[in-house]
Amino acid sequence: MAWEERERVKARVADQQSDRTAENREWIATKESAKGFFFCLAVLCLAGGAAWFGYVQIFTRGLERLPAKVCDGAVDRDVVIRALPKTRSAEEGATRQGVGQDLHFSCQVYTSGEPFLTGWVDVERASPQAWLRYYSADVGDNAVRVSVDGIEALAKLNASGRASVYVPCAPKGVQADESSRPYAIIAEANVIAAEEDAGAAVRQAVTDVAYQLAKHSYKLVECQAPRGFPDELPRYTNG
């Protein structure tokens, strides 16, 4: 009987050990499965992150790869980025013709998509009232306008993002007639964009482009009366 009891005890111990071994194997298998799952998840996250990073770098950073100042140093790249939607690639350039009162300066930024930015500057004999009448004939009441220290700016309220800036300037070597048709630098900038890409932010950015073109040209023209320029124009408050 003692021998049989020992055999039964040995059998129970063996069964318990077998159960524990099975439980250990199941726990190890579960652990390995979890490790595999999290490893695959990490790989997928890394792959997705790399794909997204590649997409952003290749297809949306075209404007960021432009020079810090575009159009012969006339316009800050950051302003151009505010004026145009993200794009895969972008090119910029400028042309300059004439000097003094005959100066014509233009700026272009083209993208791989449809939207593009253009701007130009001319020296004209025009009073602020004449400048305003000219643009009012086109935009009417459909515009926003600001002024500071004799500098005037307006932007059209439509998808074209058209803006103009007026800066009094008598070019070197000419007689400025303050009573009739004074000289001025007149800058204009336009963004041709889809309606969903237009809006108040774009109008403000396009106005800033025109303003920076006017500031740049003020030096090129060698206007007779040196003047200070604020860092930026007052912001539009109603559109």
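Start by selecting Arg162: in this predicted model, Arg162 is buried, with a relative accessible area of 15%. Keep it highlighted and add Glu188. The two form a salt bridge, and their closest N and O atoms are 3.2 Å apart. Glu188 counts as buried too, at 7% relative accessibility. Now trace the chain between them: Arg162 sits in the loop between strand 7 and strand 8, while Glu188 belongs to strand 9, so the pair links distant parts of the chain, 26 residues apart.

**Next stop: a network of charges**

Side chains of opposite charge can pair when their charged atoms come close. Across the whole structure, a search finds seven salt bridges. Select Arg235 and Asp208 to see another one, with the closest N and O atoms 2.9 Å apart. This pair also links distant parts of the chain: Arg235 lies in the segment after helix 4, Asp208 lies in helix 4, and 27 residues separate them. Which partner is buried and which is partly exposed? Asp208 is buried, with a relative accessible area of 5%, whereas Arg235 is partly exposed at 30%.

Stay on Arg235 and add Glu232. These two form a salt bridge as well, with 3.7 Å between the closest N and O atoms. Glu232 is partly exposed, at 47% relative accessibility. Finally, add Arg82 to the selection: salt bridges that share partners join Arg82, Asp208, Glu232 and Arg235 into one network.

**Then: the nonpolar core**

Hide the charged residues and select Val75, Val80, Val109, Val165, Ile185 and Leu213. Of the 47 residues in the largest nonpolar core, these touch the most other members. Colour the elements that give two or more residues to this core, including helix 2 (77–83), strand 4 (104–111), strand 9 (183–192) and helix 4 (200–221). Which element gives the most? Helix 4 does, with eleven residues.

Zoom in on Val75. Leaving out residues up to four places away in sequence, Val75 touches Ala68, Lys69, Val70, Val80, Val209, Gln212 and Leu213. Apart from the largest core lies another, of seven residues; Ala126, Trp131, Ala184 and Ile186 are among them.

**Last stop: confidence**

Colour the chain by pLDDT. The mean for the protein chain is 79, and 67% of its residues reach 70 or more. Then select residues 49–59, where pLDDT stays under 50. How many contacts beyond four places in sequence does the model have for this stretch? It has seven.

Technical notes: Residues are numbered from 1 along each chain as its sequence is written. This is a predicted model: local features need pLDDT of at least 70, side-chain atom pairs count only at pLDDT 80 or more; totals for chains, interfaces and linings use all residues. Side-chain values use heavy atoms; hydrogens and water are left out. A nonpolar core is a set of buried Ala, Val, Leu, Ile, Met, Phe, Trp, Tyr and Cys residues joined through side-chain atoms within 4.5 Å. Buried means under 20% relative accessible area, exposed over 50%, partly exposed in between (1.4 Å probe, protein chains only). Helices (H or I, at least four residues) and strands (E, at least two) are DSSP runs, numbered from the N terminus. Contact means heavy atoms within 4.5 Å. pLDDT is the predictor's confidence in each residue, from 0 to 100. A salt bridge is a side-chain nitrogen of Lys or Arg within 4 Å of a carboxyl oxygen of Asp or Glu.
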